Structures are given as C-alpha cells and as structure tokens.
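The following note is offered to a colleague who is meeting this structure for the first time. Please keep the view open while reading the numbered points.

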Amino acid sequence: MFGREIAQAECIFKYIKKSLFNSISNSIPLNFWKITIDGEPKTICLFRLENYLWQFSGGGNMIPISMSHEYKNIISIKNLCNAWTEFIRGKKSKKDVAEFSLNLSQNIFRLHDDLRTKTYRHGSYEAFSISDPKPRNIHKANVRDRLLHHAIHRILYPHFDKKFIDDSYSCRLNKGTHKAINRFKIFSSKVSKNNTKTAWVLKCDIKKFFASIDHNILLFILEKHIEDQDTLWLLEKVITSFNCGIPEKGLPLGNLTSQLLANVYMNEFDRFVKHKLRTRYYIRYADDFVIFSRDKDKLLKTLSEIDNFLLKHLKLNLHPDKVFIRTIASGNDFLGWIHFPRHRVLRTSTKRRMFRRVKKNQTKETIASYLGLLKHGSGYKIERKLNEILDSKI
C-alpha cells in the first residue's frame, strides 16, 4: 500500500510539473512520511514547488501550503506596522524617530511601494564607537532602513530559529548568557562524572567575527534555506549595504538583521561540529565557543579540524591569543565568568568595569541590576559592597 501511494504521488507530481511548471528542475526532492491517524496508516508527501510547500495526502489530493517567509509577508503593510511598534520601544524620544513619526503612514506606504516595485535602496550608515567593554565600531542605519530590518527579522527569525542547534545561545528567544553558563555547568558535571574524572575544555574565539563575514558565502548559505528569489534579493540589498573597508566583507554591529545573519552563518559551523565531528558537549555564544572532553589529544585534533573548516568554508580565523585547553578544575573563562567545578566567579575585568560604572552612576536601578547579575554566581563580597552603596542611597 505504501509503495502504491508513493507511485501515485510521483505521477501527480510529474503531471503538475509538466502541465504548469515546465521550467522547474527534475531534481525537486520528494519527502515521504508514513504516519498513523486515528489508528489508520496514512502516507504524507511534501515537496516545494514555485514558492509553495505542496502536501499529498493520498487519493490524489494536492494541497498548496503558503510559506510564511515569502517576500510578500515581509513587505506587507501589516508586517511593517507591527515592526514599527516593536522598533519604537524605548526610542520615541529620539529625534530621528520622532521626525519619521510625523508622517508615519506616508513613510510606511512609501517604503512598502519601493519594496513592492523593487526600487528600494538601502541608505548609508552613521558610524560611532563604544566601549563595552572593549572598543567597538557601531554603524547605525537610518530609521527607514532599521524599520525594514525589524520587518525582515519578524518574518525570518522563526524560519531560521528552528534550524539552529539547541546549544547556540546568542540573540535567540529563551536563550542568552545565563542559560549558556548554566549549560556550561551541566556539561562540566557530565563530562567529569560529577568532578570525579579529569576533564578538559577547549575554549575558542573567532577573530574580528562580524568584520570577517563574507557576503558571497552568506548569500550562498541563504540560498540553501530560502526559495523565494525576491526575499533573497532583499537580503542581498541589506547585506551589501555595508562593508568593513574590504569589499564584500563584514556585517554592521548596529543592524538587528546582523544578529540573525551571524547565527545563520555560524549555523554551518555548528552543524559541522555536531554532525561531522560528532561533538556532544559543545556550546556557542556568538563568536565564543567551548567543547568539553576527557581526552585532551582528541581536543587537539578537534581544534585542527575546526580551524581548517572555519578558514576553508567560512573564511574565518580563530583568535590566536584566545584559544585555550584547560582542565575544568583549573577554572575556565566564558561569558564574563570564571567557571570552577562547583561555583563561578566574576572575571576580574568584569568586576572592575562594574565598579567603574557604579561610581559614575550610583542610581538604585544600576546597583539593582548588578545585584541581579551576581545571583548567577558566587560574589558575596561584591554583593555586600553594592548593598552598602545602595543603603547609603535610601
């Protein structure tokens, strides 16, 4: 029965393609699942054709399912308006945002029309520097372009997030630094057999990550995940609107889309580590990642393989001064904390930066935020000092 239904689906597929889509390649994959519904076996066939996901459920029924990440969904008035609502949170008092708001409806309709007719052109960037904690060059787009970035992110984030591995923690809903460091603790305990075995941690950092992302490689990766050519056109406009001084290199730190695209880029590496190298205990946060093992020689071999993959496939380099292999017992620096088998403490530079900020801005809110941070580790003495400062403000 299962084989007969597959043959029937293939015949219908060939008929539709011959009748309506003669230009479609013969290599379109057919995917079949045999499932049970209400105690009866059913065969489901899914394949992509002309920007739709088609479902065959037996009996000759072909059902088109619209794909949510289509261009029309990104540029719709509804999505642009929802993106504006998200974008202006905490920004209403900004001069450029207020000016855009004066003719909001007109500006949104003009943006929609430029996108619909594909006459849209990304604007230039305003550059400035911050220290957080190290110096970073930030490039901020104009309000119109940032609104579009939010519109793109709203539609494409759900599409890509389900493709990411569980242990990727940067710029994702229900992830973040706190969950990443808690995962670090869990992996440390598992690999070391509750601290009864010597275990090692390979810690790596990618050198100038955002400035090193290759536009052509990124666009090639996106083509593997997005069928809609108009969506790819729009993403190319956003990606190529910036370079770090080297043609076709770099993503701006100020763009919301850069966070998502960076994860899409590094997802290639994540899958290499998990599926090709079969590394079980691996955590990545942006350009920082750690791998756990009880075999130091295996980690040295893994280091060579990941270094080669990053350079060959993604044109990225590991930072030579930020690659370490240490035992779990000796303490490991990851995401602002030094991690030991049974506790973690703030990195010295993090403590110094915290007290410098408190000295400049001794508000209750600032102190309370740092007290909240300290709850994720061991910092009794620091907490006591902050409480003394806080008490003096009451």
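1. Which residues does Leu156 touch, not counting residues up to four places away in sequence? In this predicted model, the partners of Leu156 are His69, Ile74, Ile226, Thr231, Leu235 and Leu260.

2. Leu156 belongs to the largest nonpolar core, a set of 65 residues. Leu156 is also among the members with the most contacts inside that core, a group that further comprises Trp84, Leu222, Leu234, Phe269, Ile306 and Leu314. Separate from this is a second core of 19 residues, whose members include Ile283, Phe292, Leu335 and Met354.

3. Phe184 merits its own inspection. This residue lies in helix α7, which spans residues 177–191. Phe184 has a relative accessibility of 2% and therefore counts as buried, the cut-off being under 20%.

4. Leaving aside residues up to four places away in sequence, Phe184 touches Val201, Ile283, Val290, Phe292, Asn332, Phe334 and His339. Two of these partners, Ile283 and Phe292, are named above as members of the second core. Between Phe184 and Val290 the sequence separation is 106 residues, while their C-alpha atoms are 8.6 Å apart in space.

5. The protein as a whole may now be considered. It contains 15 helices and 13 strands. Among contacts between residues at least 6 apart in sequence, 64% join residues at least 24 apart.

6. Of the 394 residues, 44% count as buried. The protein exposes about 21,800 Å², and carbon and sulfur atoms supply 50% of that area.

Definitions and conventions
Residues are numbered from 1 along each chain as its sequence is written. This is a predicted model: local features need pLDDT of at least 70, side-chain atom pairs count only at pLDDT 80 or more; totals for chains, interfaces and linings use all residues. Side-chain values use heavy atoms; hydrogens and water are left out. A nonpolar core is a set of buried Ala, Val, Leu, Ile, Met, Phe, Trp, Tyr and Cys residues joined through side-chain atoms within 4.5 Å. Buried means under 20% relative accessible area, exposed over 50%, partly exposed in between (1.4 Å probe, protein chains only). Contact means heavy atoms within 4.5 Å. Helices (H or I, at least four residues) and strands (E, at least two) are DSSP runs, numbered from the N terminus. Accessible areas come from the Shrake-Rupley method with a 1.4 Å probe; for residues, only the protein chains shown count as cover.
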